[in-house]
Amino acid sequence: MVETSNWVEELRKARKGKLIGKEILFFDRVDSTNRLGREYALKRAEEGLVILAESQAQGKGRQGRVWESPAGVNLYLSVILKPSIPPAVAPQITLLAGVASANALTRASGLEARIKWPNDIFIHGKKVAGILSEMEAEGLKIRFVILGVGVNVNWKREEVPPDLQGLASSLMAEGGRKFSRALVAGELLEELGREYELFLREGFSPRLREEWNRLSWVNQKWVTVKVMDKEFAGQVLGLDTDGALLLRDREGNRQRLVAGDVSLRL
Ligand code: BT5
């Protein structure tokens, strides 16, 4: 499908009346949609509000890393969520967003998208999307979660910065054709809405866990996981019933790791 310049209007039409994206604020350039989303949430914006930008000057990854956000080709969006869950289980939101994003990208592109724990979406072994969920809590209550997703849609391979060549890719680079951003964003918000509403009813359910394990790019692989200044090496067994990642080391000892704190290296 050829993209029209009013792709945001097309997306708004598709999301009319739905929880996630019933209101979509669109900006040409922001520092970070997550940062702006937080600002709106602090001003009591409603659950489901989506902040969408054509480009970001300071797109954020985890732990102060940078998210490359060139204009006109990709998706940068943040959703305000207000789940009634304890802060301790907030990393489960990243897991459900991983399932939703992988399924949405597969539906939109026909390419097989997989989750690299905890927050990367891979196609053909390269990162095409990243998730950043940031929480604001008051004591034992979550005030809101800003769920940010960046998807490389029509980024040309040769425009990927040199340090990310071979690591990062886009739907277009992997699929060999352009994709409609309205369509990709529409699938993404639809899947996020579906998984989020199920999560509110059922919590981190056996269905969600099985779906995550089915989509996992890391299960059975031998990995190193960095937790602060420690490193764990082991084979990935998959997610535990509460969403922690299970590793087994060479001696057969099991390790449980929570998505909030750690990153994984293959
Ligand atoms: C992430 O962090 O993968 C989370 C990315 C979230 C981005 C979205 S865009 C909308 C919203 N607003 C924001 O400000 N952020 C969110 P992390 O796991 O820390 O990965 C960051 C690393 O991915 C970088 O250090 C690079 O190696 C790589 N990277 C940077 N830009 C990339 C891109 N566009 N595509 C693929 N990889 C990228």
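Guide: Buried area is the accessible area, taken with a 1.4 Å probe, that two parts lose on being put together, summed over both. In this predicted model, the two parts are domain 1 (7-214) and domain 2 (218-264). Their buried area is about 1300 Å², with carbon and sulfur atoms giving 61%.

Visitor: Which residues of domain 1 lose the most area to domain 2?

Guide: They are Trp117, Arg209 and Asn213, which together account for 45% of what the domain 1 side buries.

Visitor: How do you know that residues of domain 1 and domain 2 are in contact?

Guide: Contact requires heavy atoms within 4.5 Å. By that criterion, 14 residues of domain 1 are in contact with 18 residues of domain 2. The C-alpha centres of the two domains lie 24 Å apart.

Visitor: What polar contacts and salt bridges are counted between domain 1 and domain 2?

Guide: A salt bridge needs a side-chain nitrogen of Lys or Arg within 4 Å of a carboxyl oxygen of Asp or Glu, and the count between the domains is zero. For polar contact, the rule finds four residue pairs across the interface.

Visitor: Which elements supply the side of domain 1 that touches domain 2, and what is its make-up by class?

Guide: Helix H3 (91-109), strand E4 (113-116) and helix H6 (206-215) each supply at least two residues. By class, this side has seven nonpolar, three polar and four charged residues.

Visitor: What makes the approach of Asn152 to the ligand a polar contact?

Guide: A polar side-chain atom of Asn152 lies 2.8 Å from a nitrogen atom of the ligand. The limit for a pair of N or O atoms is 3.5 Å, so the Asn152 pair qualifies. Asn119 also qualifies, because its polar side-chain atom lies 3.1 Å from a ligand oxygen atom. In Arg62 a backbone N or O atom takes part, 2.8 Å from an oxygen atom of the ligand. In total, 28 residues surround the ligand, and Asn152 is among the closest, with Ser32, Lys60, Arg65 and Lys127.

Visitor: Why is the peptide bond from Trp117 to Pro118 called cis, and where is Pro118 found?

Guide: The bond is called cis with an omega near -5°. Most peptide bonds are trans. Pro118 is found in the loop between E4 and strand E5 (120-123).

Visitor: What makes the phi of Arg44 notable?

Guide: Phi of Arg44 is near 65°, a positive value in a residue other than glycine. Most residues other than glycine have a negative phi. Arg44 is found in the loop between helix H2 (33-42) and strand E2 (50-56).

Notes
Residues numbered from 1 in each chain as written. Predicted model: local features only at pLDDT ≥ 70, side-chain atom pairs only at ≥ 80, totals over all residues. Heavy atoms only, no water. Domains from an automatic or database assignment. Polar contact = N/O pair within 3.5 Å; in protein donor to acceptor, adjacent residues only side chain to side chain. Helix = DSSP H or I, 4+ residues; strand = E, 2+ residues; numbered from the N terminus. Nonpolar A, V, L, I, M, F, W, Y, C, P; charged D, E, K, R; others polar. Near = heavy atom within 4 Å.
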